[in-house]
Amino acid sequence: MTKISFHRLATSTAVALALAAGPAMAQDGTLSVALAGDIDNFDPATNQLIAFQAAIGNTVFDPLIGYDADLNLVPRLAASWEVNEDATEFTLTLQDGATFHDGTPVTAEAVIASLQRSAELGGVIGTPLQRVTAFEAVDDSTLKMTLEDSYAPFLTALTVVFILAPDSFDDATSAPIGSGPFVFESWTPNDAIVLSRNDAYWGEKPAFETLQFRPVPDSQVALTNLYAGDIDIVAEPSNAVLAQVDTSAASVVRPSASNSVAYVEMMGTTGTLSDPAVRRALAHAFDREAVQLVAYSGGGESNASPLPTSSWAYEDLAGYGYDLDAAAAALEEAGVSDLTVGLEIPAGFPEGEQMARVWQSSLAEIGVDLEINVSEISVWLDAYVSRNYDMTWNFFGVSPDPHSFFDVILRPHFEGDVYDNPRVAELVAAGIATGDRAEREEIYSELQQIVVDEVPVMTVQSRPVGAVASNGVEGFAMNPLGWGLYTGVTLTE
């Protein structure tokens with residue numbers, strides 16, 4: 001057994017998590033955070049919303065392994081880990097003294113029960129765990145997972161697998177019990193999610209008593225509420241709001257980089273866009289410069305590759321220039337006329353609506369009617385998970401491993417036979433079977449080229465993410481995935 005020597009797979013650590021450095025001075029008080037939409041499912045094995053992962057996953061729960069502000073892998077519920085040479089055996093040692101919110105100890109058997117439940121439920125979160133052929137509790141504080149084959153991004157996959165207390169499995173959607181720094185207290189639909197400080201937390205305890213998430217779909221309204229003192233942080237404001245913040249009353253907080261990328265997923269189960277020539281036509285009618293200016297206030301990076309420029313596998317690809325003549329010719333080649341296409345957008349994200357309006361105008365010039373459907377996040381998510389759409393706008397925080405995009409965003413399309421390309425499935429499998437960086441770069445280079453050529457998913461651009469924090473908030477940070485980091489916050493007013 002050796003500590004993560006699978007080429008350049010990752011860096012092992014036996015260093016205690018920084019959260020365990022010692023308790024902060026406890027304060028009374030409530031930190032109120034405005035979210036773009038409500039959360040109505042608190043089961044970490046089934047809720048794949050990014051807002052859930054950022055707001056609930058990393059507060060009520062602990063993953064085994066987490067990220068720091070720069071997306072380095074760091075210990076969470078696992079204090080250390082070891083990986084064998086071919087990345088088929090992962091041995092993790094749990095933090096001393098960790099307990100779930102119901103007072104039961106976090107043991108290897110309890111963690112394994114939660115992992116197995118996620119594997120059984122599958123989906124975006126549980127599918128990587130389906131590669132585990134054996135879960136073993138070596139002792140109360142040590143667990144071992146044996147995989148059927150090498151899986152290079154397994155540690156990265158664990159960052160969004162949040163550990164749930166076994167006794168709460170049946171009530172997880174409404175009464176979740178984790179081991180994180182905050183305890184779930186209540187949810188009032190469309191009003192507030194209330195969490196309280198976990199005074200028995202194994203790591204650094206939050207410096208304030210209550211963390212409250214409030215759904216405010218209009219970020220301009222959320223900013224007004226912040227100025228009035230009713231909100232402390234606006235977690236997902238529009239770019240227009242970020243650009244107008246009164247810096248005498250609040251500050252704009254941005255991560256060191258943005259791994260958050262917006263996409264249009266073109267292949268829902270309706271089959272409207274099953275012909276790649278039609279998808280290319282729509283891509284030629286997408287005015288990137290106008291979208292960047294109108295929807296993103298000129299910020300972010302507009303590139304064709306589905307990976308962020310910060311990725312070690314990023315390829316600078318030409319994509320489709322804005323050319324309505326080429327778009328019309330592609331439709332004619334496909335024998336398509338009078339096309340009507342639906343585009344689903346979750347409420348609370350004006351950038352998506354603004355992008356759609358720009359695109360709608362261009363598509364109308366080539367005889368395509370773009371129907372823009374904006375719905376509440378829970379409604380949008382139901383349609384998204386079932387792939388019941390023509391096209392949908394979405395965004396995703398691409399992890400440090402490029403496999404995350406192809407696994408989370410692209411895989412559901414080709415595994416569901418909506419996007420039938422055996423070569424893509426073959427390459428995705430090959431990309432996780434080796435830890436050799438050069439080999440993986442070649443694999444992901446070809447995958448990016450295929451995605452751009454065939455457009456099952458069209459990259460919009462990277463999102464210039466940020467948040468707004470009132471002057472009474474100190475220590476708030478974001479990571480490049482766009483997740484707010486709340487545990488280190490102190491309230492000064």
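**Note on the predicted model: charge, fold and salt bridges**

1. The protein carries 20 positive and 69 negative side chains, and the centres of these two sets lie 4 Å apart. The coordinates under discussion are those of a predicted model, and the points below should be read with that in mind.

2. On overall form, the secondary structure comes to 14 helices and 22 strands, and the C-alpha atoms fill a box of roughly 65 × 55 × 35 Å when this is taken along the principal axes. A compact globule of 493 residues would have a radius of gyration near 23 Å, and the 22 Å found for the protein agrees with that expectation.

3. On packing and surface, buried residues make up 58% of the 493 residues. Among contacts with a separation of 6 or more, 71% are accounted for by residues that stand 24 or more positions apart. The protein exposes about 18500 Å², of which carbon and sulfur atoms supply 46%.

4. Turning to charge pairs, side chains of opposite charge can pair when their charged atoms come close. A search of the whole structure finds 11 salt bridges, and the next three points take up some of them.

5. One of these pairs is Arg387 with Glu265, whose closest N and O atoms are 3.5 Å apart. Arg387 lies in the loop between helix 11 (377-385) and strand 16 (391-397), whereas Glu265 belongs to strand 13 (residues 260-265), so the salt bridge ties together parts that are 122 residues apart in sequence. Both partners, Arg387 and Glu265, are buried.

6. Within helix 12, the side chains of Arg411 and Glu415 meet in a salt bridge, with an N to O distance of 3.2 Å. Because Arg411 and Glu415 are 4 residues apart in helix 12 (residues 403-415), about one helical turn separates them. How do the two partners stand with respect to solvent, buried or exposed? Arg411 has a relative accessible area of 9% and is therefore buried, the cut-off being under 20%, whereas Glu415, at 52% relative accessibility, counts as exposed, for which the cut-off is over 50%. The pair also belongs to a wider arrangement, in that Asp407, Arg411 and Glu415 are linked in a network of salt bridges.

7. A further salt bridge joins Glu446 and Arg423, and here the closest N and O atoms are 2.9 Å apart. Since Glu446 lies in helix 14 (residues 437-454) and Arg423 in helix 13 (residues 422-431), the pair ties together parts that are 23 residues apart in sequence. As to accessibility, Glu446 counts as partly exposed at 31%, and Arg423 likewise counts as partly exposed at 32%.

8. Two residues deserve a look at the backbone. Leu71 has a positive phi of about 70° although it is not a glycine; this residue lies in the loop between strand 2 (65-67) and strand 3 (73-75), and Leu71 is buried, with a relative accessible area of 9%. Asn190, which is not a glycine either, has a positive phi of about 60°. Where does Asn190 lie? Asn190 is found in the loop between strand 8 (182-188) and strand 9 (192-197), and at 60% relative accessibility Asn190 counts as exposed.

Terms used: Residues numbered from 1 in each chain as written. Predicted model: local features only at pLDDT ≥ 70, side-chain atom pairs only at ≥ 80, totals over all residues. Heavy atoms only, no water. Salt bridge = Lys/Arg side-chain N within 4 Å of Asp/Glu carboxyl O. Buried < 20%, exposed > 50% of the residue type's maximum accessible area, 1.4 Å probe, protein only. Rg over C-alpha atoms; globule rule 2.2 N^0.38 Å. Contact = heavy atoms within 4.5 Å. Areas by Shrake-Rupley, 256 points an atom, 1.4 Å probe, with all protein chains shown as cover. Lys, Arg positive; Asp, Glu negative; His and termini not counted. Charge placed at Lys NZ, Arg CZ, Asp CG, Glu CD.
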